[in-house]
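Reader: Happy to look at this one with you. Could you walk me through its surface and its interior, one question at a time?

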Amino acid sequence: MNLRSDQFSPERLSPDQLNIDTPELVSIEMPLAGIGSRFIALLVDYLIWFAGFLVLALLYSLLLPGLGAFSKISMQWAVAARIFIFFLLNWGYFTLFEAFWNGRTPGKRLVRIRVIQRSGRAIGLFEAMARNLVRYVDQFPFFYAVGVITMFVTRQHQRLGDLAAGTLVVRDRAEDTPLWNESGARTFTAQIFGPGSPAPEPHTALTLPATGIAKLAATDLEVLEGFFSRRLDMSLPTRQAIAQRIASAIQAKSGLEQPADVSVETFLEATARQLRDLARMK
């Protein structure tokens, strides 16, 4: 099997389930977030946003008398600045949190949902900017009426912002997962809470032969990074199957051997770490 970095192919299974076919020919089932959970997340976010807006409004009211002492032009600039800051606060709150917090705002984190690309990958700054800029259209004519209607009529519960940015909102899964090594012996128990959770890094103690790493390409690193970004959404059997497929392809291409005393994922993490180091040196 050749490693490749193609986009994944999403396919709808049921009203609340999404199936994503990965480049490793393994399907991942992801539960879609419903309107109810998204509404609760939005309500929490707006409560936090409103508290921040009140703080800025208080500061503005304290500074406004001082600006009025200068000139009428200063007052006009102050009003323009207030409108601009209001826009940045509203748009930036959702955009920055989703772009740099694994597709989650505080409200989304509370109800355990997050935004992803339709390919299953984590969203970036561009997708977050696009979906939240169109949010103003979704809000028409009152409290997300357009967005709610769009979520009802689209197959994957997408509002206009999601359609414009190519994103979906899915539910995180939390589970206590026992991990096992190849011999069937239990190694440790990890509690999975979704991307961004702290995890041990045994791969830092593993160094693979540089000659084997040099035979790998940037596309191989892209496949590894794609697996790492999505593995916490997978069931354990699916996660193990994909990891083994990638490891077999890596070994066939590079001649690297997986040490007997490390897991498949540790081997992949060490490979990715050394590939990153090699790319920085070039």
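Author: Gladly! Please keep in mind that this is a predicted model. Let's begin on the outside, with a nonpolar surface patch to which α1 (35–68) and α2 (72–100) each supply at least two residues.

Reader: Which helix gives the largest share of the nonpolar patch?

Author: The patch is made by V55, L56, L58, L59, L62, F84, I85 and L88, and its area is about 760 Å². Its largest share is five residues, and these come from α1.

Reader: Is L62 buried or exposed?

Author: L62 sits in helix α1. Residues count as exposed over 50% relative accessible area. L62 has a relative accessible area of 61%, so it is exposed.

Reader: Now the inside, please. Which element gives the most to the largest nonpolar core?

Author: In soluble globular proteins, nonpolar side chains tend to be buried together. Here the largest nonpolar core has 23 residues, and those touching the most other members are L208, L224, F227, I246, I250, F267 and L268. Two or more residues come from each of α9 (218–230), α10 (236–254) and α11 (264–281). The element that gives the most, with six residues, is α11.

Reader: Which residues does L268 touch, not counting those up to four places away in sequence?

Author: L268 is one of the core residues that touch the most other members. With residues up to four places away in sequence left out, its contacts are L224, F227, F228, A243, I246 and A247.

Reader: How many residues are in the second, separate core?

Author: This core is separate from the one just described, and its members include A41, I113, V115 and V169. Its total is eight residues.

Reader: Which residue in β5 stands opposite I116?

Author: Strand β4 spans residues 113–117 and pairs with β5 in the antiparallel sense over five bridges. Strand β5, residues 167–171, is mostly covered, with four of its five residues buried. Opposite I116, the residue in β5 is L168.

Reader: Why does R121 count as buried?

Author: R121 lies in the loop between β4 and α4 (125–133). Buried means under 20% relative accessible area. R121 therefore counts as buried, since its relative accessibility is 18%.

Reader: What separates the C-alpha atoms of R121 and S229?

Author: Along the chain, R121 and S229 are 108 residues apart. In space, their C-alpha atoms are separated by 6.8 Å.

Notes
Residues are numbered from 1 along each chain as its sequence is written. This is a predicted model: local features need pLDDT of at least 70, side-chain atom pairs count only at pLDDT 80 or more; totals for chains, interfaces and linings use all residues. Side-chain values use heavy atoms; hydrogens and water are left out. Patches are made of residues with over 30% relative accessible area and no salt bridge: like charges are joined within 9 Å, nonpolar side chains (Val, Leu, Ile, Met, Phe, Trp, Tyr) within 5 Å. Accessible areas come from the Shrake-Rupley method with a 1.4 Å probe; for residues, only the protein chains shown count as cover. A salt bridge is a side-chain nitrogen of Lys or Arg within 4 Å of a carboxyl oxygen of Asp or Glu. Buried means under 20% relative accessible area, exposed over 50%, partly exposed in between (1.4 Å probe, protein chains only). A nonpolar core is a set of buried Ala, Val, Leu, Ile, Met, Phe, Trp, Tyr and Cys residues joined through side-chain atoms within 4.5 Å. Contact means heavy atoms within 4.5 Å. Two strands pair if DSSP finds at least two bridges between them.
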